[in-house]
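Here are a few exercises to work through with the model open. Try each one before reading its solution.

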Amino acid sequence: MKLFANPELRAFLQDSLRRLQGGQLCHSLLELAWYVRQCDTRHSLDLLQQLEQHWHCCDEQSRSSMQARGQLIRCEADYLISTRATQLQQVHARAEKVLAQAMGMRDEILCADACFLLAWVDFAQSGAAASANWLQEMMQHALPDDWVRADIAQVRLIRLQSLNDHEAARAAWHAWHAMHPLPEDSALQAHIESLQSALTSQRGEYASSIRHLSLAHELAQNTGQDLQALICACNLNDDFNQLHAYASALEWAETSLQTARRHGWPRMLAASLSQAGNTLHLQQQYGAARSMLQEAQQLLLQMPQGRTHAINLQYLAASCLAQGDTQAGLQHAAQMERIARSQQFADLLSVAHRLQADAFLQLGDGHAALQQAQQALHSCVHVNAEKIAACCLLAQIYARHDFAPPPDLQAPSASLHYLLEAQSMAASLQGYQATPELLQQLAAEYRRLGQLQQACEYGQRCLQAYQRTHTSAARARAQALQLHNEAERLRAEAASQQLQLQQQAARAGLLQQTGATLLQLARLGLEITSHLAPQAVYQSLWQQLQQSMRADSFAIFRLDEAQHCLRSVFFHEENSPQLDAQIALDASDSMTALCWREQREIHVNFPPHVQARASARAAQPMGSAIYLPLRVEGRQLGVLTVKARAVSAFDRRERLIIRTLTVYAAIALENCDAFASLEQAHSGQLEAHRDLHTTHRELESAHQQLQNSWEQLLRQEKMALLGQLLSQVAREIRQPTQAMQAASQQINAALPALLEALPQLLAWLLQHGRSTPWLRWLTPGAADMPDAPPLLQEIRRQVASLEQGCDGILQAVAAISALVQALRSFVRSSGELAGAGDLLSGLQAVLTIYRQLWHGQVSLRLDWPELPDWPIRIGELNQVWMHVLQFLLQASGQHGHLHIAQSREDEWLHVRFEIQPEQGARLENLDPGPGIRIAQRIVQELQGSIAYYSQPHSAAVEVLLPSPSGKTDS
């Protein structure tokens with residue numbers, strides 16, 4: 001399949017449609033739709049609709065390929081009528097989907113065509129760079145099977161390159177042209193002539209550009225490339241404008257407007273209006289020009305980054321500046337510059353600079369005007385009309401402002417220097433004639449310099465140029481074009497209003513008809529879904545079909561129990577026996593099986609030769625049939641078929657009714673299946689319910705036993721741990737007991753000696769008197785007096801020994817009391833509630849027990865901020881603290897530094913136990929043991945969590961408990 005075709009091939013395909021059938025007809029319909037997609041888009045879409053009615057004639061692979069190309073045709077049609085950037089984005093996404101499908105089918109030609117469309121779409125919304133990428137991918141897919149497509153892609157690439165780098169594009173063209181002979185394909189010739197016109201026009205060779213464009217326009221029209229032909233017509237208008245041949249320019253503007261309106265392409269209509277408005281502007285018909293340009297601007301507002309929008313902004317800026325609306329002209333020119341920079345349109349960038357310079361000159365900002373005009377002049381690589389206009393503008397700037405002259409000044413004034421340079425460039429261009437404005441400027445400058453003879457000569461030449469370019473024929477054509485465009489616009493508005501009224505009337509009638517149909521369908525659905533027996537559903541469905549339409553055959557197929565084939569469960573046809581057929585799911589000659597496999601509606605109009613074969617088999621021939629899948633929520637139930645002897649018996653209304661009845665039938669059959677399943681399951685529900693009650697009672701008993709076992713396990717573990725502690729405490733309590741025994745022995749030894757010395761002390765006191773200072777020395781805490789009498793020294797020694805024994809007894813009693821109190825606190829009932837103070841006292845009781853076991857080898861740091869009142873089961877938490885401390889002390893060998901910290905985070909109480917062993921000791925891979933696991937279970941019952949961490953030099957346990965609501969007092 002070619003990219004484009006000549007009229008002879010299109011006519012041949014159109015004529016062959018009446019003779020072909022089956023798969024050949026499908027291929028011809030698709031090929032013709034492809035070739036007329038631009039020259040007759042509406043006919044192309046109609047051909048695709050005809051093709052959809054013959055899908056059943058094609059195998060699955062051919063159908064997938066044709067559907068993908070049909071989707072590509074619709075994408076191109078939507079691209080041509082799109083007016084918004086969002087619409088172009090949707091077309092782009094759909095074309096990329098077609099490209100992915102084509103790549104999956106290994107259809108390289110379809111891949112190339114999809115890339116060609118994507119290149120046009122990206123050029124309209126993103127610019128030349130993105131479009132070039134798709135053209136390069138198009139070449140990769142086209143080679144080596146289709147050199148014409150590859151050459152078109154290459155020529156388009158060079159054309160895009162010329163927008164940014166004319167010299168590189170010209171070199172690429174010469175290199176490609178040297179390797180390729182003159183092509184025979186007319187579609188390719190059209191693109192080559194268009195490229196040559198662009199290369200010559202940018203060099204100011206407008207006459208040569210017009211010859212190439214005229215040939216390109218003719219070739220594009222002959223090959224069905226109406227989009228390319230319309231672009232050529234717009235460019236011809238621009239080239240004739242450059243040569244000041246406004247009559248010819250208006251002819252091409254009228255041609256492009258007629259083509260754009262005939263096809264209904266909004267973006268191309270905007271481009272044609274823009275070109276026509278520019279021609280009217282050049283003829284100084286500013287009001288009509290601005291009206292056309294603003295109409296084009298309204299069409300382009302939703303496409304803010306396109307080249308057409310930039311060109312229209314150029315013409316709008318020039319029109320505003322000519323009418324004295326300087327601010328609007330400057331705004332349009334600045335917006336045009338932004339688009340030209342973002343899309344890399346180098347040829348438009350110089351125009352934007354020149355228009356901004358003209359605006360600054362009108363505003364009196366000479367420096368800004370000079371800067372912009374110089375940028376415009378330097379941006380023009382080749383001699384062309386734009387470079388001449390930049391020189392004329394520089395002449396105006398130097399005439400109004402006293403700036404330093406250019407370094408290469410060779411004329412009496414800087415203004416005359418640029419005017420003579422512009423005249424020299426105009427003379428060097430083939431077919432180009434100096435504008436009246438340039439000649440008028442020369443005459444005025446010579447008059448200002450006092451050279452009146454040259455001023456008079458240029459004045460006469462200016463008058464002749466004006467008469468030549470502003471002829472009565474050109475003015476008449478311009479007025480006719482303006483009136484014709486206004487008439488076309490009014491006609492289009494009237495047609496649009498009439499179409500809206502017709503659509504509203506049709507919509508009202510359709511809504512009324514649809515409302516009646518919906519009411520009828522609702523009644524039918526209620527009737528069908530009220531049955532719970534399948535045969536009743538089938539019979540009701542057939543009766544409703546007979547009341548709603550003319551149906552001569554009706555059948556329902558359901559999947560058999562083995563799920564290997566479709567079995568007829570209901571069949572009705574006049575003068576035909578009851579059908580008891582089985583259809584294999586993979587049957588290739590059965591529409592019913594195809595409908596089941598693909599789960600889609602199939603509408604068939606049987607060709608005459610099929611009806612003839614049916615008549616030969618003594619059967620009633622059917623002219624049309626419709627197959628619909630029965631499914632509910634993705635579950636396939638079967639297939640419903642309706643047939644009629646008339647051809648095309650099922651129009652939109654009948655198909656809607658059949659679809660709705662199919663949905664009701666599927667729901668009713670699903671209800672029947674569900675009802676049968678419920679009846680089957682109902683008999684076992686009571687027994688299952690009894691089993692459920694029995695199981696529930698067993699589970700409750702098991703749960704109670706499990707709870708009792710858990711409480712018993714807690715008590716056993718608590719008593720086991722307490723037993724271990726008591727055995728250790730029994731060993732540790734031996735020390736204070738031995739201390740008490742030693743103190744008692746010491747008292748027993750000191751008391752007799754003291755009693756023996758008392759008589760001697762009394763005698764000594766009687767001898768020396770009670771006021772002796774030695775007596776005070778016997779009181780506790782008195783300083784030593786070495787010269788005291790020996791009797792007093794002996795008595796003091798015995799008293800001190802007696803005091804030391806008493807102190808030892810008191811300390812041992814205190815230690816034993818603290819240990820006993822801690823044990824009493826620990827064995828408190830696990831269900832007992834306590835406050836926050838008891839939480840700390842419980843932890844301190846556990847610590848008291850363990851302090852007796854540390855022997856001073858573990859240092860303790862306790863950070864415990866004050867907590868609010870908090871009812872909690874303190875006994876169970878004491879067991880948690882005991883297990884945690886037992887784990888940490890075993891991990892460290894009862895040596896190191898223990899840190900206990902409590903904090904509150906949001907609604908949680910966080911308690912962290914961390915022990916660090918003595919320097920040099922290591923802790924690795926510690927087994928938590930059953931104690932930590934029991935602690936975890938206790939904390940989980942308190943709706944908290946516990947975690948432990950082990951590192952080489954530390955071990956930690958973190959307990960997280962739900963914090964009491966309210967704030968702390970601290």
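**Exercise 1.** In which helix is Ser248 found? Work out its exposure too.

Before starting, note that this is a predicted model, where local features need pLDDT of at least 70, side-chain atom pairs count only at pLDDT 80 or more, and totals for chains, interfaces and linings use all residues. Residues are numbered from 1 along each chain as its sequence is written, and side-chain values use heavy atoms, with hydrogens and water left out.

*Solution.* Step one: Ser248 sits in helix H13, residues 246–263 (helices are DSSP runs of H or I, at least four residues; strands are runs of E, at least two; both are numbered from the N terminus). Step two: its relative accessibility is 25%, so Ser248 counts as partly exposed (buried is under 20% relative accessible area, exposed over 50%, partly exposed in between, with a 1.4 Å probe and protein chains only).

**Exercise 2.** Place Ser272 and list its contacts beyond four places in sequence.

*Solution.* Ser272 belongs to helix H14, residues 266–282. Ser272 counts as buried because its relative accessibility is 0%. Leaving aside neighbours within four places, Ser272 touches Leu230, Cys234, Ser256, Leu257 and Ala260 (contact: heavy atoms within 4.5 Å).

**Exercise 3.** Check Cys232 and Cys392 for disulfides.

*Solution.* A disulfide is a pair of cysteine sulfur atoms within 2.5 Å. For Cys232, the closest cysteine sulfur is in Cys234, 9.4 Å away, so that is too far for a bond. For Cys392, the closest is in Cys391 at 7.0 Å, again too far. Searching the whole structure gives 0 disulfides.
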